[in-house]
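Me: Please take a close look at one part of the structure shown here. I should like a connected account that starts from a single helix and works outward to its surroundings.

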Amino acid sequence: MFDLYFRQYGFIAIFAGLALVVPLGMILISWILSKVTIRPHMPNSIKQSVYECGFEPISGPWNQFNFRYYPVALLFIIFDLEVVFLFPWAVSFGAMSREFGIFILIEVVVFIGILALGWIYALKKNVLNW
Amino acid sequence: MCEQPEGLLNFCRIYNLYEIILPSWLSSLTYLMSAITLAFAVINMLIISTALYTWFERRTLARFQSRIGPNRWGPFGLLQPIADVVKAITKEDTVPESADKIVFNLAPILLLITTLLVIVVIPLGPDSFMGSLNIGVIFIIGVTSINTIAIFMGGWASRNKYAMFGAMRSVAMLITYEIPMGIAIVGILLLSNSLALSDIVMSQTIPFFIVQPIGFFVFFAASIAEISRTPFDQIEAESELGSGFHTEYSGIKFAIITLAEFMAPIISAIIITTLYLGGFKGPNILPAEFWFAIKVFILIFFMLWIRATWPRLRIDQIMNFAWKPLFGLGLFNLFATAIEIIVFQDNATGFISTSDYWIISGINWMFAIVLFFAITQIMGSKNKEKIKHSYEANIVR
């Protein structure tokens with residue numbers, strides 16, 4: 001039991017820990033190099049200003065954005081959830097269709113059909129045209 | 001004692017080696033040590049292959065454009081990646097004064113970890129994989145989605161307009177392409193009846209890209225978009241946005257981001273190999289891991305070919321391509337596969353024989369050719385008017 005569980009999830013934890021070491025180690029080496037003056041570290045206010053075509057930046061970037069990002073986010077949530085609901089159906093489809101026949105398919109046709117109506121509505125409303 | 005000594009990168013093989021050194025009452029330490037050894041080996045393998053891949057990409061792209069490419073350091077310029085690392089690590093690391101420092105520093109770390117973490121569930125050989133998760137597909141989808149957050153963190157924390165534009169575009173693009181990707185994967189799950197990647201590989205009596213050409217096309221296009229390679233690289237459109245979300249990064253943090261960016265094609269090719277090309281399966285001449293590597297290499301070269309050949313698409317073309325043709329094709333593939341399973345499967349065991357798989361592939365290829373032809377006709381002829389229309393609408397708004 002321990003063996004099985006370890007090989008499924010414990011391994012991923014260990015791998016994630018080691019994967020964390022890689023970028024942290026790279027940053028650490030770079031930091032050490034700056035301490036022994038191999039890597040320069042001479043910040044000044046011009047160097048630390050943000051890049052904007054060589055001009056001084058006018059107003060911050062955290063301001064209003066195009067509205068079209070919002071419908072994309074909404075549609076993403078709807079259809080991504082649809083895909084997630086399809087996963088268990090797809091995994092058990094072979095076994096279920098032997099037992100219940102075509103009914104399993106019709107069920108999902110109805111489920112996707114409702115969402116596909118929404119997709120066609122969005123298509124007609126020009127939401128999907130960026 | 002641990003059984004199943006198959007495969008080169010086998011957990012049991014390393015476990016048995018450690019068991020010789022360590023006493024038996026320290027079995028949990030043995031587990032830990034062998035796991036760390038294996039994880040260390042795989043991470044290093046991935047990083048070294050990424051370094052070689054940067055050389056390979058620059059060299060091949062140069063040949064595509066009748067240049068020579070890097071050829072100074074080492075034979076054929078093979079030591080170029082090391083020179084790049086030395087350069088990046090000795091450059092000054094500037095952080096903008098107005099940036100959100102914590103998020104700014106966290107973004108490259110998160111980006112690299114999520115890129116590395118995908119390989120943990122991939123079966124690299126018959127028994128040489130690390131986390132043999134029974135929900136491997138869901139793990140892959142979940143972990144690759146975190147990339148989006150990391151990219152947005154980097155762009156948002158930079159307080160740079162170009163970085164912010166790049167980040168917003170990337171979020172819109174990456175989340176959009178996750179939908180066709182997911183639908184294409186559902187087509188595979190219908191055939192494999194399992195979420196574990198090793199089961200998916202074992203169920204491929206003939207590779208799934210022959211059985212489901214439409215699904216393969218959808219998944220391939222979506223995964224190129226997910227790693228934001230050239231036909232879809234609006235994230236770092238150099239001519240418009242500086243270099244997108246990592247405009248403000250320099251020095252070692254830039255190197256980390258570049259490492260993750262160049263590792264992404266390898267990871268993506270590994271996922272496609274596992275799902276569609278039959279993973280480690282192949283004739284018995286070579287070990288299974290070599291077949292896996294060969295297939296990954298062919299896919300990487302194919303991606304490079306696409307990058308060298310095609311121009312960058314506009315953001316509106318990218319979004320239209322995801323929502324209209326790819327989404328529709330994915331749904332079509334799903335239903336076609338489901339109907340074919342009902343027709344062809346054995347009613348007692350649910351088994352589909354190899355000859356039936358060939359018949360299914362023939363039907364699917366016919367559909368694929370007709371649909372691709374129709375889509376190129378529709379997208380090609382009507383595109384101009386629609387784009388003109390949407391531009392005018394923008395000006396009025």
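The part in question is helix α6 of chain B, residues 161-192. How many of its residues are buried, and what does this helix give to the largest nonpolar core?

Reply: The account below begins with the helix, passes to the core and the contact between the chains, and ends with the two chains as wholes. The model is predicted, not experimental.

Helix α6 of chain B runs over residues 161-192, 32 residues in total. At 1.5 Å a residue it should span 46 Å, and because its end C-alpha atoms are 46 Å apart, the expected and computed spans agree. The helix is mostly covered, with 30 of its 32 residues buried. Directly after α6(B) comes N193(B), whose phi is positive, near 60 degrees.

The burial of α6(B) leads to the nonpolar interior. The largest nonpolar core has 132 residues, and those that touch the most other members are I119(B), V186(B), V218(B), F219(B), A222(B) and I272(B). To this core α6(B) gives the most, namely 20 residues. The core also extends into the partner chain, drawing at least three residues from each of domain 1 (1-63) and domain 2 (69-124) of chain A. F219(B) offers a detailed view of the packing: leaving aside residues up to four places away in sequence, F219(B) touches M181(B), A184(B), I272(B) and Y276(B).

A second residue worth following is I341(B), which lies in helix α13 of chain B, residues 315-344. I341(B) counts as buried because 21 other C-beta atoms lie within 10 Å, the threshold being 20 or more. Apart from residues up to four places away in sequence, I341(B) touches L190(B) as well as F93(A), G94(A) and S97(A). The contacts of this residue therefore include members of both chains. By contrast, the C-alpha atoms of I341(B) and I89(B) are separated by 55 Å, the two residues being 252 apart along the chain.

The contact between the chains takes 56 residues from chain A and 68 residues from chain B. On the side of chain A that touches chain B, the elements giving two or more residues are α1 (2-35), α2 (69-91), α3 (93-100) and α4 (103-124) of chain A. The largest share of that side comes from α1(A), with 20 residues. By residue class, the same side of chain A divides into 40 nonpolar, 10 polar and six charged residues.

Chain A itself has four helices and zero strands, in the order α-α-α-α along the sequence. Its domain assignment gives domain 1 (1-63) and domain 2 (69-124), and the C-alpha centres of these two domains of chain A lie 40 Å apart. The C-alpha atoms of chain A fill a box of roughly 75 × 55 × 15 Å along the principal axes. A compact globule of 130 residues would have a radius of gyration near 14 Å, whereas chain A has 27 Å. Buried residues make up 18% of the 130 residues in chain A.

Chain B has 14 helices and zero strands. The C-alpha trace of chain B spans about 70 × 60 × 40 Å along its principal axes. For 397 residues a compact globule would have a radius of gyration near 21 Å, and chain B, with 23 Å, agrees with that expectation. Of the 397 residues of chain B, 48% count as buried. Among contacts in chain B between residues at least 6 apart in sequence, 76% join residues at least 24 apart.

Two further residues of chain B bear on backbone geometry. Most residues other than glycine have a negative phi. S66(B) has a positive phi, near 50 degrees, and lies in the loop between α2 (27-64) and α3 (80-89) of chain B. F76(B) is in the loop between α2 and α3 of chain B and has a positive phi of about 55 degrees although it is not a glycine. S66(B) counts as exposed because it has 6 C-beta neighbours inside 10 Å. F76(B) is also exposed, with 12 other C-beta atoms within 10 Å, and 12 or fewer is the limit for that class.

Conventions:
Residues numbered from 1 in each chain as written. Chains lettered and ligands numbered in written order. Predicted model: local features only at pLDDT ≥ 70, side-chain atom pairs only at ≥ 80, totals over all residues. Contact = placed C-beta atoms within 7 Å. Nonpolar A, V, L, I, M, F, W, Y, C, P; charged D, E, K, R; others polar. Expected span 1.5 Å × (residues − 1). Rg over C-alpha atoms; globule rule 2.2 N^0.38 Å. Core = buried A, V, L, I, M, F, W, Y, C linked by C-beta atoms within 7 Å. Domains from an automatic or database assignment.
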